[in-house]
Amino acid sequence: MTASVSDSTGRRLLGRLANAQSTGKLPSVVGGVVRDGEPVWFGTYGGPAVDGHDPFDVQYRIGSITKTMTAVLILQLERDGRLTLDDPASTLLGDVGYADRSLRDLLAHSSGMQSEPAGSWWERSAGLSFDELAALHDGSGAAFAANDRFHYSNLGYALLGEVAARLLGCTWWEAVLQRVLTPLGMGRTSYLPEGAAAQGQSVHPYDGTLVPEPATDTGAMAPAGQVWATIQDLATYAAFLGQGHPDVLTIEELDRAYVPQSSTPEDGLRSVHGLGFQVFAGGSGTLAGHTGSMPGFLATVLVDRKRRTGGVVLANATAGYSPAAIVIELLDELERWEPALPEPWRPSAGVPPELAGVPGVWHWGNTPFVFAMEGTRLTARRNGMAAYSFEVRDGRVLGVTGYHAGEELKIVRRADGTVGHLDIATFIYTRTPYDPEAPIPGGLP
């Protein structure tokens, strides 16, 4: 650990864990915070999960955080041009129940399909092969029509995992290991528990005793919640979610995954769902990541991208205290006592040739925007507030933040090379309000 919080801040963070452990009756809980891509604090409270072992090197089950790893595989395949998110799962899976749903709807839990697979409770039962699982579902058990509303579906992630496996020619787990965990250096994250691992527990409601929970191989349902990890590895994953990794997904690619698709209450906290990720209100505005639970375990990873911080929590308990609430409390405590520092201002290297003649005032109708270089980005501000920003990539000017993220800014030049107007997906910007020489401005500012 190359950086750390002060002793007084560490004590306050530990106090948050202690309150959660005590009031939630958690046999053990470990937590951590990340700042600027590095873990700066780990803490634990309650009895040791495994006697005689470093509590931060003990594995816990991370539950539905596993879904984000499945989502990363799908997003990588889209980036590589091997599928589109609007493809139906049947493109790879054939005539399988619910495979008519799009990959986008499966990722965002807007497919309308049933929440859980048919048969015994998958989280506490020996897993089935995909063919066995598919044979139990003909698609008639849907709760809603596709795109009707948010409806969380563990079963949908079994389909997504199989799509990735078939396209990559390996098992889902081999794909996660090769394409996510190994590049990130997460060597203590595994499919089944390896080395020191916590026993999953639930608390008897009347006796106050601990009841051991099974740790099953969930088979075809594994892409929904199988994985085990240490708090140190989960902190590494949080750093990735906050800043991206060139060999997994860049931060721009992750930003797309965090765009809200549907919403639902989560443990009393309001969250929205992106493409495989949850986004909670909190911190500097939003916190992205995912919660997780399996019998005997609770987990959460959330990152505040603007503040460049993240929080992680693992506990070996079935219920008792919201892990998302713990992480939000840790991040609030960190910001209160050791606030994030803004990125330092640095002078621009100049205007790229592609943007020559663009910086200055432009008007959408009668509304003025100031386009100016800020570092390597061209940022458009309205009333001093940043509205959009653009970067030159492979000779094209592409939106990277705001409403125009992912769209191209086309610079329309006159015969003499001067800029006549800007066209951003039919949004027309002119040097003077309603310039009659330019097309009619469209859209909203």
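This tour moves through a predicted model, from a pair of helix packings to the nonpolar cores, a buried loop residue and two open sheets.

**Helix H2 and its two partners**

Begin by selecting helix H2, residues 65-79, together with helix H6, residues 154-168, whose axes come within 10 Å and cross at roughly 45°. An angle between 35 and 65 degrees falls in the oblique range, and H2 and H6 are therefore oblique to each other. The crossing in which H2 passes H6 is left-handed. To display the contact itself, show Lys-67, Thr-70, Leu-73, Ile-74 and Leu-77 on the H2 side; on the H6 side the contributing residues include Asn-154, Tyr-157, Leu-160, Gly-161 and Val-163, and the list continues with Ala-164, Leu-167 and Leu-168.

Keep H2 on screen and add helix H8, residues 231-243, which packs against H2 at an angle of about 45° with the axes 13 Å apart. H2 and H8 are likewise described as oblique to each other, and their crossing is left-handed. Here H2 makes the contact through Ile-65, Thr-68, Met-69 and Val-72, while H8 offers Leu-234, Tyr-237 and Phe-240.

**From H8 into the nonpolar cores**

Two of those H8 residues lead to the next stop, since Tyr-237 and Phe-240, along with Leu-241, touch the most other members of the largest nonpolar core, which has 81 residues. Centre the view on Phe-240 and, leaving aside neighbours within four places in sequence, look for its contacts with Val-72, Leu-184, His-245, Val-248, Leu-249 and Leu-254. A second core, separate from this one and made of 25 residues, can then be picked out by selecting some of its members, among them Leu-13, Trp-41, Val-313 and Leu-334.

**A buried serine in a loop**

Next, select Ser-111, which lies in the loop between helix H4, residues 103-108, and helix H5, residues 130-135. Is Ser-111 buried or exposed? Its relative accessibility is 1%, and because buried means under 20%, Ser-111 counts as buried. Not counting residues up to four places away in sequence, the residues touching Ser-111 are Arg-101, Asp-105, Leu-106, Phe-144, Ala-145 and Ala-146.

**The five-stranded sheet**

Now colour strands S13 to S17, which form an open sheet of 5 strands in the order S13-S14-S15-S16-S17 with antiparallel pairing. Its edges are strand S13 (360-364) and strand S17 (396-402), each of which pairs on one side only. Averaged over this sheet, neighbouring strands are turned by 30° against each other, with direction ignored. Within the sheet, isolate strand S14, residues 367-374, and strand S15, residues 377-382, which run antiparallel and are joined by 5 bridges. One place to look along this pair is Phe-371, whose bridge partner in S15 is Ala-380.

**The three-stranded sheet**

Finish with the open sheet of 3 strands in the order S18-S19-S20, where the pairing is again antiparallel. Which strands stand at the edges? They are strand S18 (409-413) and strand S20 (427-429), and each has a single partner strand, so one side of each is left without a neighbour in the sheet. From one strand to the next the twist averages 25°. For a closer view, show S18 with strand S19, residues 419-424, which pair in the antiparallel sense over 5 bridges, and then select Val-412, which stands opposite His-421 in S19.

Key: Residues numbered from 1 in each chain as written. Predicted model: local features only at pLDDT ≥ 70, side-chain atom pairs only at ≥ 80, totals over all residues. Heavy atoms only, no water. Pairing = 2+ DSSP bridges. Helix = DSSP H or I, 4+ residues; strand = E, 2+ residues; numbered from the N terminus. Axes fitted to C-alpha atoms, helices over the stretch in contact; angles between N-to-C directions. Core = buried A, V, L, I, M, F, W, Y, C linked by side-chain atoms within 4.5 Å. Buried < 20%, exposed > 50% of the residue type's maximum accessible area, 1.4 Å probe, protein only. Contact = heavy atoms within 4.5 Å. Parallel < 35°, antiparallel > 145°, perpendicular 65-115°, else oblique. Left-handed = near helix turned anticlockwise from the far one by under 90°.
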